[in-house]
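Here's a quick briefing to read with the model open beside you. Have a look at the fold first, then work through the points below.

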Amino acid sequence: QQRRGILPISRSPMLRWLWDFIADEFLVVSLPRALVLRNRRLGIFYKIVQSLFLIVVLLYVLYARIIMYENTVEAWAVNLWREDSLAQAVAGHTLPHCQD
């Protein structure tokens, strides 16, 4: 027995990939899965590794004095596209609408 799809598009071999894409991407709800391991030694090891990593990061920040660095801000984005102001562009010109 031949498999019948919901729409006629699902029976067309040329457009089958489109129907499969729509079905897989938009008509599917994916649920996250979680694995819980109940192992006291593994849990303690995990917390020790987290604590050691936190201590290493704090020591690095204190040793390198990253917080104490002075950052000078440069206006590089403003200098990318610079145009003369209107006053400079019309300097020395007499405009007809300003002569009354």
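Which residues form a nonpolar patch on the surface? They are Met-14, Leu-15, Trp-17, Phe-21, Phe-26, Leu-27 and Val-28, and together they put about 840 Å² of accessible area on show. Keep in mind that this is a predicted model, with a chain average pLDDT of 76.

**Overall layout**
- You're looking at four helices and zero strands, so to speak an α-α-α-α run when read from the N terminus.
- Buried residues are scarce here: they account for 4% of the 100 residues in the chain.
- The chain's accessible surface is about 11,000 Å², and carbon and sulfur atoms own 63% of that.

**How far to trust it**
- In this chain, 64% of the residues have a pLDDT of at least 70.
- Helix α2 (residues 40–64) has the highest mean pLDDT among the elements, at 93.
- At the other end of the ranking sits helix α4 (residues 86–89), whose mean pLDDT of 61 is the lowest.

**Around helix α1**
- The salt-bridge count for the model comes to one.
- That salt bridge joins the side chains of Asp-20 and Arg-16, with 3.6 Å from N to O.
- Why can these two line up? Both belong to helix α1 (residues 16–26), and since they sit four residues apart, about one helical turn separates them.
- Side chains of opposite charge can pair when their charged atoms come close.
- Neither partner is hidden away: Asp-20 is partly exposed at 31% relative accessible area, and Arg-16 is partly exposed too, at 23%.
- Back to the patch for a moment: one of its members, Leu-15, lies in the segment before α1.
- Leu-15 counts as partly exposed, because its relative accessibility is 35%.

**Helix α2 and its two ends**
- How does the length of α2 check out against expectation? With 25 residues at 1.5 Å a residue, α2 should span 36 Å, and the C-alpha atoms at its ends are indeed 36 Å apart, so the two values agree.
- At the start of α2, Asn-39 points a side-chain oxygen at the backbone nitrogen of Arg-41, reaching to within 3.2 Å.
- Just past the other end, Arg-65 comes right after α2 and takes a positive phi of about 50 degrees.

Note on methods:
Residues numbered from 1 in each chain as written. Predicted model: local features only at pLDDT ≥ 70, side-chain atom pairs only at ≥ 80, totals over all residues. Heavy atoms only, no water. Buried < 20%, exposed > 50% of the residue type's maximum accessible area, 1.4 Å probe, protein only. Areas by Shrake-Rupley, 256 points an atom, 1.4 Å probe, with all protein chains shown as cover. Salt bridge = Lys/Arg side-chain N within 4 Å of Asp/Glu carboxyl O. Patch = residues over 30% accessible without salt bridge, like charges linked within 9 Å, V, L, I, M, F, W, Y side chains within 5 Å. pLDDT = per-residue confidence, 0-100. Expected span 1.5 Å × (residues − 1). Polar contact = N/O pair within 3.5 Å; in protein donor to acceptor, adjacent residues only side chain to side chain.
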